[in-house]
Amino acid sequence: MRGNSIVVRLGLALGLAAALLSAGCNNSPYPAGAERQNTMFYSFDERSPRYLDPVASYANPESAYTYQIYEPPYGYHYLKRPYTLIPKAAAEVAKPRYVDRDGHELPENAPPEQIAESVYDVKIRPGVMFQPHPAFAKDAQGRYRYLNLTRDQLGTKRSPLEFEHQGTRELVAEDFVYALKRHATTRIEAPIFAIFSEYVVGLREYADLVKREDAKLLAGLPRDVRDKPFLDFRKWPLAGSVAVDKYTWRIRIKGKYPQWSYWMAMPFLAPMPWEADAFYAQPGMSENGLSLNQWPVGTGPYMMVDFVRDRRHVLQRNPNYHGETYPCEGMPGDQEAGLLADCGKAMPFVDKLYVTIEKEKVPRKEKFKQGYFDVPEIERPEWGVDFRNDADDSDAVRKLYEERGFQFPLMTDISNWYLGFNMLDPVVGRGDTREQQAKNRKLRQALAIAIDWEEGYGRIFKSKGGVAAHSPVPPGLFGSREGQPGFYNPVTHRLVDGKVVRRPIEDAKKLLAEAGYPGGRDATTGKPLVLNYDFQRAPTPESKSENDWMIKQFAKLGIQLEVRATDFNQYQDKTLQGRHQIFWGGWLADYPDAENFLFLLYGPLGRSKSQGDNYSNYDNAEYDALYGRLKSLDDGPEKQAVIDKMVSIVQEDSPWCFGYFPWGGLAFQQWVHNGKPSILIRDMAKYYRIDPELRARKQAEWNHPIVWPVALLALALAALVWIGRRSFKARETATARGTASTAEAS
């Protein structure tokens, strides 16, 4: 009976395994039942965001978080085009008052040269509360519980949610004052300080003061100390940023700068409570990963509740959010597209944003097609174009997409992609002498001709493609000439039979020889010209094909291109140190004005000198002077003339190969509502509504259990049982025969 018992037990074990396998055939990457929750699932790639501190954060991947958590004074109407400013934390959009040098008020139409200051009195919405956070927690006596912690008291806590007590308080004007002052910090990278210090009265001098005071605080401490004493900006007043009363924030701007209102729609000017700054400055916080870069503190619709670096980020509805209603007005076609169905309903609609890393494009697309991502990425504008191209290439794919009800709305929006040259570099940059400057310019011009953007991003890489650019200014903005008859870049193109065509490669080779590199070799040494291309993405199969194409473009001139692919953070460090040579860049508009693209080549904003967004480190006195005029001009003939001249200068100098203006589009599942593509609007999550029950049904329908492993296991089970029974019978027979023989012998 022992052998038979073994067979029975084996059968039971295998049967149990088969049952478990059958039950676990669901290949969902999320916990059981997650698909029925009011949660939105999407992905991020490469790495977690580096900066979520609003003073430091200026990268598109970071905006997927900062715009959901922080609430600047203004935002943009979600549906209206052209883009229209609307109040967010502010009660209304403020109109500036203009004053002359003597403080006398001027009329709205005063000439810019008469305006000494623009004064903005921003009314703050009463009753707005910050998200729950231990920085605000107080005891029964009204004392802060957690603003005087020792390293031992902090212990092993790695999340604000691990503190027993949470608190909040009302948003006031002083929080905006404090936020603007923080741009003068010496402790973190502040990419917009160079711009703000040009306009905010007293900010440049304030930064000098803060630098001196910070040096006093750090005196005697090791240079690499992580726990630095709290730099309390409340101690030092800033003339250009004051609280007139509890709910009125006054900003004084030098001269006339119409674009300032657009800056107030970005997290750079989101409120910052001093308590949060003080909380994260305490001993051990940095070591435990507790900082604004991981755990922001805002008044927006969502708050960070889970941050697992390079794996997962979870944002949850802010229970203290003041609330907002979905818009009831839009553009023609919005009603028909269902974009007004939620008119007047309270937002946000989704309770939780669940974001996981997905480093490769193919598995990300597959998870979307399986229904496990509601959108592939929340902030990237290429996915709709990519999926549409898949459908165009295959009838079977098109049929699948139609059957599954995927939504791929397209747009033309304000953004660009370009290849840039570091003008500090001795080979491709400005050059030290007049002769060298001319030669280096011809080298850049030759490369600008050779790179055939119409071929690469018009016909080959259609999923990322667009229209070849002839200037930095995208179509759709006042001042852009793109697409207009007779406009083109004369350095790279010419008119043939009334059509704009790229110059022949022979023109590029001639310029290259004049630059001192005939046939791609140094005329003096005979050595081949080797240039370095800093590509700000980790290598993937998708990026490799693009980089291979770029190598071929340089090879047309006999130039060797070395691709140095890095991740985003490494790339940022390299550009800050000026160690890049040729780089891939792009810009998603911060606000709808040509100035927001032309400032990318403004000298004082050089990346390597002032941590600005001029990654080319381009410095041209005439261009900079024109930019100074541009900033104070309203749309009109004078502004157009200034833009035209600036474009002409950079066409000739070629600090960029202008690249292309991309097509844009998003990808949504059929259960995601209110999806309208936009590059400029980044607080989109609060507008999205999902149908979890429909998602659960479709996931089950699209992902049938894989039964062949169960069938195979059943066959194996049957075989093992049969073998076991045969072995058992053979042993029983052998034993019986052995007993009979023994009896006969005796």
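Biologist: How do you know that strand β19 is joined to β20?

Modeller: By the bridges. This is a predicted model, mind you. In it, six bridges join strand β19 (residues 530–535) to β20, and the two run parallel. Two strands pair if there are at least two bridges between them, so with six, β19 and β20 count as a pair. For one bridge you can look at, find tyrosine 533: its partner in β20 is valine 563.

Biologist: What makes β16 and β20 the edge strands?

Modeller: They belong to a six-stranded open sheet with the order β16-β22-β15-β21-β19-β20 and mixed pairing. β16 (466–468) and β20 (560–565) each pair on one side only. From one strand of this sheet to the next, the twist averages 25°.

Biologist: And the sheet with β1 in it, in what order do its four strands come?

Modeller: The order is β1-β13-β10-β9, again an open sheet with mixed pairing. Its edges are β1 (39–44) and β9 (302–308), each pairing on one side only. Direction aside, neighbouring strands here are turned by 20° against each other on average.

Biologist: How do you know that β1 is joined to β13?

Modeller: Count the bridges again: six of them join β1 to β13 (residues 352–357), and these strands run parallel. The cut-off is at least two, so β1 and β13 pair. Threonine 39 stands opposite lysine 352 in β13.

Biologist: What do the buried residues of α21 pack against?

Modeller: Against β1, α9 (361–370) and β25 (689–690). The buried residues of helix α21 (692–702) include Leu694, Ala696 and Trp702, but also Arg695 and Lys698. Each of them earns the label by having under 20% relative accessible area.

Biologist: Why is α10 called oblique to α11?

Modeller: The axes of α10 (residues 383–393) and α11 (residues 395–403) cross at roughly 130° and come within 5 Å. Perpendicular covers 65 to 115 degrees and antiparallel starts over 145, so roughly 130° makes α10 oblique to α11.

Biologist: Which residues of α10 and α11 meet?

Modeller: From α10 it's Phe387, Asp390, Ala391, Asp392 and Asp393; from α11 it's Asp395, Val397, Arg398 and Tyr401. By class, that contact has four nonpolar, no polar and five charged residues.

Biologist: What makes the phi of aspartate 310 worth a look?

Modeller: That phi is positive, about 60°, although aspartate 310 is not a glycine. You'll find aspartate 310 in the loop between β9 and β10 (312–317).

Biologist: Why does aspartate 310 count as partly exposed?

Modeller: Its relative accessibility is 28%. Buried stops under 20% and exposed begins over 50%, so aspartate 310 counts as partly exposed.

Biologist: Where does glutamine 611 lie?

Modeller: In the loop between α18 (607–610) and α19 (621–630). Glutamine 611 has a positive phi too, near 60°, in a residue other than glycine. At 35% relative accessibility, glutamine 611 falls between the 20% and 50% limits and therefore counts as partly exposed.

Biologist: How do you know that the bond between methionine 347 and proline 348 is cis?

Modeller: From omega, which is about 0° for that peptide bond. Proline 348 sits in the loop between β12 (346–347) and β13. Arginine 81 and proline 82 are also joined by a cis peptide bond, with omega about 0°. Look for proline 82 in the loop between β2 (74–76) and β3 (85–87).

Technical notes
Residues numbered from 1 in each chain as written. Predicted model: local features only at pLDDT ≥ 70, side-chain atom pairs only at ≥ 80, totals over all residues. Heavy atoms only, no water. Axes fitted to C-alpha atoms, helices over the stretch in contact; angles between N-to-C directions. Buried < 20%, exposed > 50% of the residue type's maximum accessible area, 1.4 Å probe, protein only. Contact = heavy atoms within 4.5 Å. Parallel < 35°, antiparallel > 145°, perpendicular 65-115°, else oblique. Nonpolar A, V, L, I, M, F, W, Y, C, P; charged D, E, K, R; others polar.
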